[in-house]
Each structure stands twice: as C-alpha cells, then as structure tokens.
Amino acid sequence: MSEVAAGQNKRGIAPLLAMIAIFAAPVIAAWFFYLNPGYLPAGRTNKGELIEPVVPLSSELRLLDPQGAAFDPAGLAGKWVLVYLTGGECGDDCMEHLIAIRQIRLALGESQFSVDRLLIMIDPSAGDLAARLAGELDGMRVALTDAASGQTLMDALGEGALGRIPILDPMGNLMMRYAPGAPAKDTLKDMERLLKASKSWIKGAQYGHQ
C-alpha cells in the first residue's frame, strides 16, 4: 500500500474513532469517578452502588412494548436512563417513584435532554396498563418482560429489586442501583455528577480530534 493510500485510510478512520470516543465517554467517566471517588470535589460521596457485572439491556432481557412488539432499546442509545421495575401492577408506591423519576429529570435543567426514563413491568400480559401509563406519564418509555428476564433483573438489583431505581448507561447497560427507599435527591446528585463528568470528557474528545 502506498504512503498516500495509507494516509487516506488513516484520515478515513479518524472520524470513526472520534465518534466512538465521544459516545463511550459518558460510560468511561461514570466508571472512573465511581471507582475513584477521591477525584470528586471534597465532601461529595457517591450514593449509588455499581452493578457488577453490568446487565446489557439488549442481549440479556426479552422486552416487549405495550403493543406486544419487540421493544427496541436502540431508542435509548446515547442517553442515561432512570429505570423503575415493577410487577404487573402500579400502585401508589409505584406511581410515587415514577413521579420522582420525572422530577429528577426535570431538575437536571438543560441536561435533562441527555436523560430518559424507562418503566419495566414483569408481566407480558399487562399491555393495557403499560399503554395507559405511557400516556399518563408523558415521555416515559414502558416495556414488558417475562418471568425469566424479570428474574435476571431482580438478581442484578438484589433484595428489594422492585423498589430500586437502577441507572442504564449510554451503552445500554444496567450499571448502577440505589437502595429501596433511597431519597430522590441521592439519585439527582449522582446524575448531576455523571452528566458533568460526561460533558467534560466529551469536550476533551472533541477538542482532541479537531
């Protein structure tokens, strides 16, 4: 291969590498700051707990939309997602959590557009309720799953799984969870930190490839 052709190939690959770096930056930042909290401002502590190993939403779980079609997680790609897990019903406690998730997102200001919300119901026959909730909670994505996938989720989230709020990273992995009954402000503070770190890494990646 000539030097000219090699140079052209390198220039063609560079934009692709830049896109990969930018897309992966939020996840890299999340892992770095949660595994190295000493780099965070003094007096700030992490509230969430990392899920190890992470649970890939697309490959580990069988998800359906309220109409019974396959749920496409690609619509969540590139965003942090606040998740809530429930059974085939959504009582007062469930609704309180869903409203809290909505308020957390709104409290992020302009950064809210980098965050999505997802309700997962462990009952593939709850399509009517899922569709109603999706309509009532504007912008909330709703998915149904079966007992096997539900068990995978509960194993990953641990005791009190149905009362936890896990976080899905921009690569589509369930990677963080909160204790049952954890105050919404804990999730908000961590999301603010993650989003701030993500922006810093993205700016660095863009600057480095200009």
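**A guided reading of the predicted chain**

Leucine 195 is found in helix 6, which spans residues 184–208. The model that places it there is a predicted one, and the account below starts from this residue before turning to helix 5, an internal cavity and the confidence of the prediction.

Leucine 195 has a relative accessibility of 5% and therefore counts as buried, the cut-off for that class being under 20%. What does leucine 195 touch, once residues up to four places away in sequence are set aside? Its partners are Trp80, Leu108, Ser111, Ser114 and Val115. The pairing with serine 111 joins positions separated by 84 residues in sequence, yet the two C-alpha atoms lie 7.2 Å apart in space.

Helix 5, comprising residues 147–157, offers a second view of burial. Its buried residues are Ser149, Gly150, Leu153, Ala156 and Leu157. Viewed down the axis of helix 5, these buried residues fall within an arc of 125 degrees, so they line one face of the helix. The general geometry of such elements is relevant here: an α-helix has 3.6 residues a turn, so residues three or four places apart point the same way. On the other side of helix 5, Ala147, Ala148 and Asp155 are exposed.

Against which elements do the buried residues of helix 5 pack? The strands concerned are strand 1 (49–56), strand 3 (80–86), strand 4, strand 5 (141–145) and strand 7 (173–177), and helix 2 (57–60) is a further partner. Glycine 158 follows helix 5 and has a positive phi, near 80 degrees.

The interior also holds empty space. The count comes to 1 cavity of 30 Å³ or more, and the largest cavity has a volume of about 40 Å³. Its lining consists of His97, Gly163, Ile165, Tyr178, Ala179, Pro180, Gly181 and Ala182. By residue class, this lining divides into 5 nonpolar and 3 polar residues, with no charged ones.

Confidence in the prediction varies along the chain. The mean pLDDT is 77, and 72% of the residues reach 70 or more. Strand 4 (residues 115–121) has the highest confidence, at 94, whereas helix 1 (residues 3–35) has the lowest, at a mean of 54. Over residues 39–44 the pLDDT is below 50, and this stretch has 7 contacts in the model beyond near neighbours in sequence. Residues 202–210 likewise stay under 50, and for them the model has 8 contacts beyond four places in sequence.

Key: Residues numbered from 1 in each chain as written. Predicted model: local features only at pLDDT ≥ 70, side-chain atom pairs only at ≥ 80, totals over all residues. Heavy atoms only, no water. 1 Å grid on protein atoms, 1.4 Å probe; cavity = no way out; pocket = protein on both sides within 12 Å on 5 of 7 lines; lining within 4 Å. Points joined across faces, edges and corners; volume = space filled by probe spheres on them. Nonpolar A, V, L, I, M, F, W, Y, C, P; charged D, E, K, R; others polar. pLDDT = per-residue confidence, 0-100. Helix = DSSP H or I, 4+ residues; strand = E, 2+ residues; numbered from the N terminus. Contact = heavy atoms within 4.5 Å. Buried < 20%, exposed > 50% of the residue type's maximum accessible area, 1.4 Å probe, protein only. Arc of directions from axis to C-beta.
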